[in-house]
Amino acid sequence: MEREWYERHSVPGTFTKEILNDMIKLAKNNYPRVKIWLKLGPYADLDEIIDVAFKAGVDCITIDGSEGGTGMSPIAAMRELGYPTLVCLKKIADTKKHGIKTSMIIASRLFEGGHLVKSLCLGADGVAMARPFIIASEGRFGPANKPVKKLHNQADGIVNFVEAIKVEAQMLASALGKYSLSELSKEDVGALDKVVAEMFNIKY
């Protein structure tokens, strides 16, 4: 029997640059002690939205590449929507070159210390992860997806996962002669793909 897929969709409403600007300013006015974070998808006008959000005073922007999907519509998002994570990362790098100071976090199919280090090298201020934490909390899989004994405490799986990412990132950074992730830059990374190397102006 063929498996049937169904999805749920939210209706976020229509947003213009003016509406977004006004909503951020309203939130900052009404909640002056609260940090305002904006979560964006892989939109075609991503650079314009970042510019509007920065000028309105948003504190941090999280950008999801198309590979990660979304809880709003996961299957269609991963199959059909927007820029891949690498292009979203390029948008972050480009906007920073133009003076955007807001912290920017990249997300979507990032799950290890190497992803963290490469993202920081290419301009992101951090990475966000979702699904890896869910999998880690279950603690059911070992190497090559072989089942292992389930953890008694789901928090242990998350702690182990975070520790693994930390150690991976520290090892990679120290191999580059850097002892703080804040010291990483695009000079510390290269690409095996010529198009990607040219895209980020990094070593090929």
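**View 1. The structure's 1 aromatic pair.** F133 and F161 sit edge-to-face, with 5.1 Å centre to centre and 90° between the planes. (Rings of Phe, Tyr and Trp, the last by its six-membered ring, pair if their centres lie within 6.5 Å; planes under 30 degrees apart are stacked, over 60 edge-to-face, the rest tilted.) The contact ties together distant parts of the chain, since F133 belongs to helix 6 (residues 131-138) and F161 to helix 7 (residues 154-175), 28 residues apart. F161 counts as buried because its relative accessibility is 15%, while F133, at 27%, counts as partly exposed. (Buried is under 20% relative accessible area, exposed over 50%, partly exposed in between, with a 1.4 Å probe and protein chains only.) Keep in mind that this is a predicted model: local features need pLDDT of at least 70 and side-chain atom pairs pLDDT 80 or more, whereas totals for chains, interfaces and linings use all residues. Numbering starts from 1 along each chain as its sequence is written, and side-chain values use heavy atoms, leaving out hydrogens and water.

**View 2. Strand 3 and its parallel partners, strand 2 and strand 4.** Strand 3 (residues 103-107) is mostly covered, with 4 of its 5 residues buried. Helices (H or I, at least four residues) and strands (E, at least two) are DSSP runs, numbered from the N terminus. Strand 2 (residues 60-64) joins strand 3 through 5 bridges, and T62 stands opposite I105. (Strands pair if DSSP finds at least two bridges between them.) With strand 4 (residues 126-128), strand 3 shares 3 bridges; there A107 stands opposite A128. From strand 3 the chain passes through helix 5 (residues 113-121) to strand 4 in a right-handed β-α-β crossover. (Right-handed: with the strands pointing away from the viewer, the path from the first strand over the helix to the second runs clockwise.)

**View 3. A salt bridge between D64 and K39.** It's one of 8 salt bridges in the structure, at 2.5 Å, N to O. (The criterion is a side-chain nitrogen of Lys or Arg within 4 Å of a carboxyl oxygen of Asp or Glu.) D64 in strand 2 and K39 in strand 1 (residues 37-40) are 25 residues apart. D64 is buried, at 11% relative accessible area, but K39 is exposed, at 59%.

**View 4. A salt bridge inside helix 4 (residues 85-97).** D94 and K90 meet at 2.7 Å, N to O. Because they're 4 residues apart in the helix, about one helical turn separates them. K90 is buried, at 19% relative accessible area, and D94 is partly exposed, at 23%.
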